[in-house]
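Biologist: I am new to this structure and would like a close look at a single part of it, with the rest brought in afterwards for context. Please take your time over the answer.

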Amino acid sequence: RGRGVADAGGVTGSGGRARAWPWLFKWTNYLKGYQRRWFVLSNGLLSYYRTQAEMAHTCRGTINLSTAHIDTEDSCNIVLSNGGRTYHLKANSEVERQRWVTALELAKAKAIRMRNNQSDDSGDEEPASQSDKSELHGPLKSLSSKLEDLSTCNELIAKHGAALQRSLSELESLRLPAESGEKIKAVNERATLFRITSNAMINACRDFLDLAESHSRKWQRLLQHEREQRIRLEETIEQLAKQHNSLERACRGAPGLGSATASISSAAKGSVQSAKGEASDEDEETEYFDAMEDAPAFITVTADPKHHRRSGSNLSGASEGHPEDWNLEDSVFESSNQSSYNESTCKDLLPKKRRRTRIPDKPNYSLNLWSIMKNCIGKELSKIPMPVNFNEPLSMLQRLTEDLEYHELLDKAVKCESSTEQMCFVAAFSVSSYSTTVHRTAKPFNPLLGETYELDRLEELGFRSLCEQVSHHPPAAAHHVYSRRGWTLWQEITIASKFRGKYLSIMPLGAIHLEFHSSGNHYVWRKVTSTVHNIIVGKLWIDQSGEIEIVNHKSKDKCQLKFTPYSYFSRDVPRKVTGVVSDADGKAHYVMSGTWDEKMECSKILHSSHGSTSMEGKQKTVYQTLSPKVLWRKYPLPENAENMYFFSELALTLNEPEERVAPTDSRLRPDQRLMESGRWDEANVEKQRLEEKQRAVRRRREAEAVEALEEGKDYEGYIPLWFERKVDAVTGELICVYKGGYWEAKDKQDWSVCPDIF
């Protein structure tokens with residue numbers, strides 16, 4: 001329609017004209033608040049525009065009412081939510097809001113009926129374009145209009161036929177000659193037959209329209225299929241034309257390969273890597289782009305590796321690389337470019353034990369967050385009593401173990417002969433640990449002091465992991481992982497978190513250590529800050545920001561990764577991560593790029609040089625690289641993950657009950673188990689019991705410390721079970737490291753040293 005209307009639910013006047021209330025106020029953001037927008041309700045869809053004139057070319061957003069939830073906050077507000085999309089709307093008055101709510105409810109009911117009627121033959125059809133829909137619905141509207149005309153004629157025929165029959169009946173009652181009476185009777189019978197025939201004709205027309213409507217969806221699918229085939233054919237032809245053009249240019253540039261200048265300007269055929277990784281092939285010459293050394297992204301120039309094999313030695317600049325080091329057929333990078341989840345290169349690590357693939361669906365409990373959090377602003381998060389409604393059924397120890405989901409990156413890093421190549425895989429592994437957080441806005445359970453968690457996958461995946469909560473205030477967890485594939489990882493993480501009203505900042509403190517057995521390379525890095533936004537109003541979303549510096553303390557190689565924070569005004573790809581791998585001399589070897597929720601790539605640097613100085617006085621660097629290679633790609637989430645706390649396949653197995661684990665293992669925690677089973681009320685009661693029990697133990701320990709102080713004795717405090725505090729030789733920090741004994745105790749099933757914490 002050419003104006004904002006509310007007609008999808010049959011909200012029309014008796015004359016067929018739709019009643020319109022097109023203007024509503026829509027919540028945009030905290031800077032602009034509510035803004036006036038033009039809304040259109042049609043065919044079960046609510047769309048909005050900034051102005052009425054925009055209807056001809058730009059739709060700002062659409063929400064499907066058939067699966068939407070309609071709610072009213074107060075006398076003038078309306079809230080529409082459909083999956084991850086929510087509209088906060090405000091009307092001018094309560095009367096206008098009620099008219100909109102009525103129209104929306106009617107439109108939703110009609111959309112649901114239409115969806116149910118079409119579900120039998122809807123199949124997997126794609127939505128057709130607007131032009132295809134108009135081509136299909138145009139004839140149907142014409143048929144419907146003609147049917148209405150026929151129905152009107154039918155009513156007129158019935159009306160006049162009844163009048164004619166009354167007139168004939170009156171004539172029959174008159175005293176007329178017998179011959180006249182017979183003729184009048186014959187005319188009456190013919191009039192009745194005519195009326196029956198006209199009714200049959202109207203019914204046949206109605207049946208024809210119903211048949212046309214039932215077949216229209218099949219016609220729509222056929223038209224859409226033909227349209228897609230045409231688009232694919234056009235894309236194929238365009239791709240072939242580009243390849244032909246590239247081959248022609250390569251042939252023209254072949255005679256000049258002996259010259260270093262020609263090899264750079266003609267054979268390189270540089271192309272700017274876009275955010276989606278597509279390379280332009282229309283550049284006739286290599287182009288060089290400036291990139292700030294501390295910028296959050298790098299625009300690289302890719303070159304033909306075959307041509308650079310012949311001319312790489314002639315390159316000059318601040319640093320040079322030889323493409324022979326970038327073995328396209330046999331290197332570890334090539335194996336990492338295989339599909340991570342369809343054709344895994346580590347088939348020998350496939351699980352032998354069948355693990356669970358689902359957990360009970362998350363209950364749909366509502367809770368007023370502000371009523372709980374308004375008195376907690378500025379407090380340490382670990383000191384705030386939280387109901388399980390804000391949790392997910394995993395402990396912080398299990399979330400720490402979940403960082404090992406992409407452990408195969410470290411298995412591949414073992415095979416690298418070059419320390420800088422190995423650094424690329426370590427960097428990809430450090431980024432991969434954040435991929436599970438993109439939808440995971442719920443809070444893990446705070447572990448109790450002395451709580452442990454083991455993940456023994458030595459036979460299945462080649463590693464075994466152990467975590468222990470070694471401190472409660474501040475909360476600190478020690479983690480140790482041994483892999484028979486040739487590496488060991490350990491860390492002690494302390495979580496500092498602050499609630500700031502609109503967002504929650506989570507700052508992991510502590511270093512992560514990774515050592516490879518054969519080479520002795522020892523890597524150390526720290527985690528970035530995680531921020532949960534829209535704590536009070538809006539949909540929760542999480543972001544990662546900051547920098548990670550990974551240092552190989554044996555070779556002194558470094559990798560500086562920058563996690564670009566989300567900005568409303570930025571044009572960068574969301575969740576972007578960029579970095580450079582350099583050796584001990586500061587020479588750059590690889591450029592890292594990607595996103596922390598999807599994939600990471602690395603590109604080998606062939607040539608780097610210093611460019612011009614920016615207005616801020618910072619030196620710019622120009623990198624020319626080979627084509628990027630994918631080191632890591634995120635696994636797809638399991639089916640129905642949105643109802644299972646967005647758990648990955650590994651996360652679904654972390655709380656699976658196992659035998660022979662320590663009595664302090666997180667799997668045995670009762671409140672967490674009750675929450676996973678969907679019994680949240682019981683879980684809240686059990687959670688309070690455990691926390692009170694822990695407070696009583698802490699009060700007793702404090703009393704013992706006071707008593708020891710009065711007697712002049714030393715009081716050691718809590719001593720971890722399986723870890724001990726030592727000064728790290730690399731960082732000089734006091735850190736909890738694994739002292740051994742856990743796996744031996746498990747073999748013997750001797751858990752006598754374990755406290756009763758549950």
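Biologist: In what order do the seven strands of the open sheet lie, and is their pairing parallel or antiparallel?

Modeller: Please keep in mind from the start that this is a predicted model. Read across the open sheet, the seven strands follow the order β4-β3-β2-β1-β7-β6-β5, and their pairing is antiparallel. At the two edges are β4, residues 61-64, and β5, residues 69-71, each of which pairs on one side only. From one strand to the next, the twist averages 30 degrees. Within this sheet, β6 (residues 77-82) and β7 (residues 85-90) run antiparallel and are joined by six bridges, and one residue to look for there is L80, whose bridge partner in β7 is Y87.

Y87 also leads from the sheet to the packing of side chains, since it is listed, together with L24, I63 and A107, among the members of a nonpolar core of 19 residues. In soluble globular proteins, nonpolar side chains tend to be buried together. The largest nonpolar core in this model has 70 residues, and the members that touch the most others are I550, L561 and M592. Helix α10, residues 419-432, supplies the largest share of that core, namely eight residues. Around L561, once its neighbours within four places in sequence are left aside, the contacts include A427, S430 and V431, as well as I550, V577 and M592. The core of 19 residues that includes Y87 lies apart from this largest one.

To place the sheet in its setting, the protein as a whole has 14 helices and 30 strands, and 44% of its 758 residues count as buried. Among contacts with a separation of 6 or more, 59% are between residues 24 or more positions apart. The accessible surface comes to about 40,200 Å², and carbon and sulfur atoms account for 51% of that area.

One of the helices, α13, can be followed over its 31 residues, from 680 to 710, and it reaches 45 Å from its first C-alpha to its last, close to the 45 Å expected at 1.5 Å a residue. Its buried residues include W680, A683 and L690, but also N684, E686, K687 and Q694, and what covers the buried residues of α13 includes β13 (443-445) and α12 (670-676). Just after α13, G712 takes a positive phi of about 75 degrees.

Some details of the backbone remain, and they are worth finding on the model one by one. H473 and P474 are joined by a cis peptide bond, with omega about 0 degrees, and P474 has its place in the loop between β15 (463-471) and β16 (476-483). Y645, a residue other than glycine, has a positive phi near 65 degrees; this residue is found in the loop between β28 (629-633) and α11 (649-654), and it counts as buried because its relative accessibility is 6%. Q749, also a residue other than glycine, has a positive phi near 55 degrees, and its place is in the segment after α14 (742-748). The relative accessibility of Q749 is 34%, so this residue counts as partly exposed.

Terms used
Residues are numbered from 1 along each chain as its sequence is written. This is a predicted model: local features need pLDDT of at least 70, side-chain atom pairs count only at pLDDT 80 or more; totals for chains, interfaces and linings use all residues. Side-chain values use heavy atoms; hydrogens and water are left out. Helices (H or I, at least four residues) and strands (E, at least two) are DSSP runs, numbered from the N terminus. The expected span of a helix is 1.5 Å times one less than its number of residues. Buried means under 20% relative accessible area, exposed over 50%, partly exposed in between (1.4 Å probe, protein chains only). Contact means heavy atoms within 4.5 Å. Two strands pair if DSSP finds at least two bridges between them. Axes are lines fitted to C-alpha atoms, for helices over the stretch in contact, and angles run from 0 to 180 degrees between N-to-C directions. A nonpolar core is a set of buried Ala, Val, Leu, Ile, Met, Phe, Trp, Tyr and Cys residues joined through side-chain atoms within 4.5 Å. Accessible areas come from the Shrake-Rupley method with a 1.4 Å probe; for residues, only the protein chains shown count as cover.
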